[in-house]
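Please consider the structure shown below. The paragraphs that follow lead through its aromatic rings, its sheet and some of its loops.

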Amino acid sequence: MRSWSTKDLIALKENIDKKLSHAAIGTILNKTHNSVEKTTQRYRLKDISLEEFKLKLERRDLKPELDKPEEYDTQKIYKRILVFGDMQIPFHHPDSINFLELVYKTYNPDLIVCVGDIVDQYAFSSFDKNPAVDNASREIDVAKKHLHKLTKFLKDVKICKGNHDERLLKKAIKAGIPGSVFKPLNQIYDLPDTWNWNFEWTFNTVLSPVHFVHTYSGGMYGVKSIGMSVVQGHLHAEFKVIYAANPMKLYWDAWTGCLFDKDSHAAAYGQANSNKPILGCLMIINGKPILVPMLLKKGGKWVGNID
C-alpha cells in the first residue's frame with residue numbers, strides 16, 4: 001500500500017466529513033481499513049475543520065526549520081504545573097504579568113506551560129483592522145518589551161502554538177512564501193532558547209499524564225479517546241474543569257480562560273458578545289487541576305492578590 005500523500009490526506013478528510021465508513025474510504029483510496037482508522041485518529045480528523053487541516057498540511061510540506069521542540073524527559077513527574085494562555089500580547093490585560101508573577105511566586109511551579117496565543121499578531125490578522133492599532137513593526141516591538149518582563153521570572157516555558165501565534169506564518173503560506181525563509185518565533189520576539197514551542201505537549205503528573213494543546217474540539221469524548229486529561233485555551237469565556245469517568249479511570253478537561261484585555265482595540269470584535277472573557281490561569285498540583293481567577297475591581301483593575 002502506498003504511504004499517505006498530501007492529496008490522500010485531504011481526500012481522507014473530505015470523505016470523513018461525508019461520514020463514510022473507514023472500509024468505504026479504504027476502498028476509494030486504496031488503503032487498508034486499519035490504515036484509514038489510525039490516520040484518522042493520528043490527525044484527529046473528526047475534530048478539525050477541512051480548512052484547518054489543509055493549513056496544517058501546507059505548513060508541514062513547507063518544512064520550515066522553525067521552533068523545533070526540544071527533546072524532553074517523558075518520564076519525569078511534575079508536582080506543580082502552572083498553565084496560562086491567550087495573553088495575546090501586546091493586547092494583554094495591563095495587570096496580567098504582575099498577576100502571573102504572584103502566582104509563580106506563590107506556588108513555585110516545577111513546570112510552566114502556555115497553551116497558546118501568547119502573542120496576538122493583530123497586524124497579520126485576516127480580519128479588518130482598526131486604524132487606531134499600531135502597525136506590524138510597532139506591534140512586534142511593543143510585544144517584545146512585555147515578553148521581556150515575563151522572561152524575568154518565567155525562565156523555562158513550554159508553549160503550545162495557537163492560531164494567533166501562527167498568523168504571520170499563515171500569511172506567508174497563503175502568499176506562497178517558503179517557510180524556510182522565516183525566523184523562529186523566539187528570534188522574532190527575542191525570547192530565550194528555554195522557551196520552547198510545539199503544537200502540543202504531554203507531561204506526567206503524580207496521578208496521570210496530562211495533555212496540553214491550544215484547542216481540542218473533541219470535548220470530553222476527545223479526552224477519553226486519547227486516554228488522558230487535557231488542558232486547553234482558545235475560548236476566552238471558558239474557565240472551568242469538567243470531570244468524566246469510566247470504570248477504570250477519572251478524566252478531566254480544563255480551560256484556562258485568558259489574560260486578554262477585553263477593552264483593547266484588538267478585542268473590538270467581541271464587544272457585542274454576551275459571554276465575556278474570564279481572566280485567570282490554572283495550577284495542577286499533584287495531578288489535580290485548580291483554577292486561579294484573576295479577580296478585578298470595579299473599573300477593571302486587578303485586586304492585587306490571589307487569596
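How many aromatic pairs does a search of the whole structure find? The search finds 6. Here rings of Phe, Tyr and Trp (its six-membered ring) pair if their centres lie within 6.5 Å; planes under 30 degrees apart count as stacked, over 60 as edge-to-face and the rest as tilted. In the case of Tyr 78 and Phe 203, the ring centres are 5.6 Å apart and the planes stand at 85 degrees, so this pair is edge-to-face. Because Tyr 78 belongs to strand E1 and Phe 203 to strand E6, the pair ties together parts that are 125 residues apart in sequence. Helices (H or I, at least four residues) and strands (E, at least two) are DSSP runs, numbered from the N terminus.

The model is predicted: local features need pLDDT of at least 70, side-chain atom pairs count only at pLDDT 80 or more, and totals for chains, interfaces and linings use all residues. Residues are numbered from 1 along each chain as its sequence is written, and side-chain values use heavy atoms, with hydrogens and water left out.

Both rings of the edge-to-face pair belong to buried residues: Tyr 78 has a relative accessible area of 9%, and Phe 203 has 2% relative accessibility. Buried means under 20% relative accessible area, exposed over 50%, and partly exposed in between (1.4 Å probe, protein chains only). Ring pairs also link Tyr 78 and Phe 203 with Trp 201 and Phe 212 in a cluster.

The sheet provides the setting for these strands. It is an open sheet of 6 strands in the order E1-E6-E7-E8-E10-E9, with mixed pairing. E1 and strand E9 (239-245) stand at the edges with a single partner strand each, so one side of each has no neighbour in the sheet. Two strands pair if DSSP finds at least two bridges between them. Strand E6 (residues 200-205) runs antiparallel to E7, with 5 bridges, and a hairpin of 3 residues joins E6 to E7. Among the bridge partners, Glu 200 is matched with Val 213 of E7, and Trp 201 with Phe 212 of E7. On the pairing of E7 with strand E8 (residues 229-232), the sense is parallel, over 3 bridges; Val 210 has Ser 229 of E8 as its bridge partner. Since 4 of the 5 residues of strand E7 (residues 209-213) are buried, that strand is largely enclosed by the rest of the structure.

The surface has its own features. Ile 77, which lies in strand E1 (residues 77-78), forms a nonpolar patch with Val 206 and Leu 207, with about 290 Å² of accessible area together. Lys 31 lies over the face of Trp 4, at 4.6 Å from the ring centre, and Lys 240 lies over the face of Trp 255, at 5.0 Å from the ring centre. A charge sits over a ring if NZ of Lys or CZ of Arg is within 6 Å of the ring centre and within 35 degrees of the ring normal.The patch rests on these terms: patches are made of residues with over 30% relative accessible area and no salt bridge, with like charges joined within 9 Å and nonpolar side chains (Val, Leu, Ile, Met, Phe, Trp, Tyr) within 5 Å. A salt bridge is a side-chain nitrogen of Lys or Arg within 4 Å of a carboxyl oxygen of Asp or Glu. Accessible areas come from the Shrake-Rupley method with a 1.4 Å probe; for residues, only the protein chains shown count as cover.

Some loops remain to be described. Lys 19, in the loop between helix H1 (6-17) and helix H2 (22-29), has a positive phi near 65 degrees and is exposed, at 73% relative accessibility. Asp 117, in the loop between strand E3 (111-114) and helix H6 (136-151), has a positive phi near 55 degrees but is buried, at 1% relative accessibility.
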